[in-house]
Amino acid sequence: MDNKFKDFWNKQTTSRHRYNDDDFYAHKAKEHASFIKDEHKQLGAIDLGCGSGELLVYLSSLVKVNTGLDYSDNMLSLAAEKLGDDTGIALINEDIFTYLPESSDAIWLTTGAINQYLSREETGKMLDIFKENTDVKALYMFDCVDPLRLKAISLGIKYEKIDVKEQSLSHKVLRFFFNIYRRLKFGFFATFNLYRNFQHIGRMGYAQFPIFWVEECKKRNLKIEIVSSKFYEYRYHVLIQK
């Protein structure tokens with residue numbers, strides 16, 4: 001993992017989700033738990049990149065979590081405070097490429113962590129470890145970033161309710177042509193980026209078109225399911241099984 005990402009997260013005091021309140025984390029944990037297959041919920045999971053534990057607090061009440069793994073001592077200290085002493089979750093500071101080959105956890109899950117901050121080569125290496133580890137049954141990667149949807153939002157292309165009756169004719173005309181411009185710009189971006197199914201997106205790490213995961217799983221004879229996130233317009237979830 002790039003050291004600049006490690007340096008950035010070592011300085012943070014939260015996991016920097018869209019909202020930092022209990023209601024958001026509770027609903028998001030329920031969404032994730034609903035995506036996890038019933039037969040996997042009590043097998044024992046490891047949260048890869050658990051951060052400061054805001055989401056883990058709620059998710060661990062719905063799914064059995066044995067381990068929280070992160071490379072930031074600062075984040076793990078914050079997670080320990082949130083979780084308390086009675087959860088039975090081991091919080092470990094170690095590199096995933098050192099820890100995962102010997103991991104006995106049956107379920108691996110991550111929320112915008114290893115799926116967002118590993119390079120293409122590191123992602124392939126992680127999937128190889130998943131395939132070779134005989135104890136793990138499933139890998140849940142929540143909140144992968146879709147670069148096409150992210151670009152659409154940055155261009156202002158989104159669903160919105162507008163009362164056109166309140167707009168002047170000149171305003172309607174300007175809005176019409178501006179919307180055409182935004183869509184042409186988006187079309188240009190899409191046309192020249194479809195072949196780049198794995199993209200660097202600055203401080204946010206990396207984004208992948210869903211087809212990237214499909215192709216990588218096909219290479220390794222792994223099963224895959226993909227579903228859109230309920231809380232982020234530009235994110236989706238990936239379930240990988242052997």
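**Salt bridges and the environment of helix H10**

In this predicted model, the salt bridges number 6. One of them joins Glu225 to Lys37, with the closest N and O atoms 3.3 Å apart. This pair connects distant parts of the chain, 188 residues apart: Glu225 belongs to strand S8 (residues 223-228), whereas Lys37 lies in the loop between helix H2 (22-35) and strand S1 (45-48). Glu225 is partly exposed, at 36% relative accessibility, and Lys37 is likewise partly exposed, at 24%.

A network of salt bridges links Asp128, Glu216, Lys219 and Arg220. Within this group, Arg220 pairs with Asp128 at an N to O distance of 2.7 Å. Because Arg220 is located in the loop between H10 and S8 and Asp128 in helix H7 (residues 120-132), the contact ties together parts that are 92 residues apart in sequence. Arg220 also meets Glu216 in a salt bridge of 2.8 Å, N to O. Arg220 is buried, with 11% relative accessibility, as is Glu216, with 8%; Asp128, by contrast, is partly exposed, with a relative accessible area of 31%.

Helix H10 (residues 210-219) contributes the buried residues Phe212, Trp213, Glu216 and Cys217. These residues lie on the same side of H10, since the arc that they cover around the axis is only 125 degrees. Exposed residues Lys218 and Lys219 occupy the face turned away from the buried side of H10. Just after H10, Asn221 adopts a positive phi of about 60 degrees.

The structure contains 0 disulfides. Cys217 is buried, at 1% relative accessibility, and Cys50 is also buried, at 6%.

Note on methods. Residues numbered from 1 in each chain as written. Predicted model: local features only at pLDDT ≥ 70, side-chain atom pairs only at ≥ 80, totals over all residues. Heavy atoms only, no water. Buried < 20%, exposed > 50% of the residue type's maximum accessible area, 1.4 Å probe, protein only. Helix = DSSP H or I, 4+ residues; strand = E, 2+ residues; numbered from the N terminus. Arc of directions from axis to C-beta. Disulfide = S-S within 2.5 Å. Salt bridge = Lys/Arg side-chain N within 4 Å of Asp/Glu carboxyl O.
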